[in-house]
Amino acid sequence: MGLSRFELLTPRLSSVCSNQLSYRPSSHFKEPSLPRGPFFTRGPFPAAPDDVLSTYEWILGDLAGDRPVFVSGDSAGGNLAAVLCLDAREKKLRLPAGQILFYPVTDLTRTDRPSYETFAKGFILDRADMEWFISLYAPDASSRKDPRASPLLAPELSGLPPALV
């Protein structure tokens, strides 16, 4: 089961990866025309995961047929891809065949983890930037505990598609 049939990818996925996927002869590649990232949707959380779920349902209904669907994203897009898998399981939709997650943001409740300490300053995206983005995406701090915002906090992670992180 490779990446040769049908893929749903978030717009920020690396162009190298998306170009490689779209040039395969047997590929039916769809990069949905979603707003650019979760900060440019109808509003703060849960607008972005709702939009992604609606797009996934449309793809399943109108495009996918019986072909496997893979979901992917980087950073906030990786968060949305992981959340989509939780939502699809919860709603008993056909699950994606797999997840490809590039440095996904999976817990919005803590910026005190070792990686935040290591990269706190001096990088393109540092801790202060991440805290700012998180505050825009989920202004209500209590909503950050919701597994649809922080998929790592889901009470049950079994029964989800395999993930390449």
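Buried residues make up 42% of the 165 residues in the protein chain, where buried means under 20% relative accessible area, exposed over 50%, and partly exposed in between, with a 1.4 Å probe and protein chains only. The chain exposes about 9000 Å², and carbon and sulfur atoms supply 57% of that area; accessible areas come from the Shrake-Rupley method with a 1.4 Å probe, and for residues only the protein chains shown count as cover.

A word on provenance. This is a predicted model, in which local features need pLDDT of at least 70 and side-chain atom pairs count only at pLDDT 80 or more, while totals for chains, interfaces and linings use all residues. Residues are numbered from 1 along each chain as its sequence is written, and side-chain values use heavy atoms, with hydrogens and water left out.

Confidence comes next. The average pLDDT of the protein chain is 82, and 75% of the residues score at least 70; pLDDT is the predictor's confidence in each residue, from 0 to 100. Among the elements of the chain, helix 3 has the highest mean pLDDT, 97, and strand 1, residues 6–9, the lowest, 40. Over residues 1–16 the pLDDT stays under 50, although the model has 59 contacts beyond four places in sequence for this stretch. Contact here means heavy atoms within 4.5 Å. Where pLDDT is low, the predicted coordinates should not be read in detail.

I turn to the overall arrangement. The protein chain has 5 helices and 5 strands, and along the sequence these follow the pattern β-α-β-α-β-α-β-α-α-β. Helices (H or I, at least four residues) and strands (E, at least two) are DSSP runs, numbered from the N terminus. Of the contacts between residues at least 6 apart in sequence, 66% join residues at least 24 apart.

Which residues touch the most other members of the largest nonpolar core? They are Tyr56, Leu84, Leu108 and Tyr137, in a core of 25 residues. A nonpolar core is a set of buried Ala, Val, Leu, Ile, Met, Phe, Trp, Tyr and Cys residues joined through side-chain atoms within 4.5 Å. Helix 2 (47–64), helix 3 (76–90) and helix 5 (127–137) each supply at least two residues of this core, and helix 2 gives the most, with 7 residues.

Helix 2 therefore receives a closer look here, as the element that gives the most to this core. Its buried residues are Ala47, Ala48, Pro49, Asp51, Val52, Leu53, Thr55, Tyr56, Ile59, Leu60 and Ala64. The 18 residues of helix 2, at 1.5 Å a residue, should span 26 Å, and the end C-alpha atoms are 24 Å apart, which agrees; the expected span is 1.5 Å times one less than the number of residues. Helix 2 bends by about 25° at Trp58, the bend being the angle between axes fitted to the seven residues ending there and the seven starting there.Two positions in helix 2 illustrate its surroundings. Ala47 is found in helix 2 and is buried, with a relative accessible area of 8%. Ala47 and Tyr137 are 90 residues apart in sequence, and their C-alpha atoms are 9.3 Å apart in space. Leu60, also found in helix 2, is buried at a relative accessible area of 19%. Beyond its neighbours within four places in sequence, Leu60 is in contact with Gly65, Val69, Leu93 and Arg94. The separation from Leu60 to Pro96 is 36 residues in sequence and 9.7 Å in space, C-alpha to C-alpha.

What does Asp87 touch, not counting residues up to four places away in sequence? Asp87 touches Pro49, Leu53 and Arg148. Asp87 lies in helix 3 and is buried, with a relative accessible area of 7%.

Finally, the backbone. The peptide bond from Phe45 to Pro46 is cis, with omega near 15°, and Pro46 is found in the loop between strand 2 (28–30) and helix 2. At the other end, helix 2 is followed by Gly65, whose phi is positive, near 60°.

Is Ser75 buried or exposed? At 11% relative accessibility, Ser75 counts as buried. Ser75 is found in the loop between strand 3 (70–74) and helix 3, and its phi is near 55°, a positive value in a residue other than glycine. Lys92 lies in the loop between helix 3 and strand 4 (98–102). The phi of Lys92 is near 60°, again positive in a residue other than glycine, but Lys92 is exposed, with a relative accessible area of 74%.
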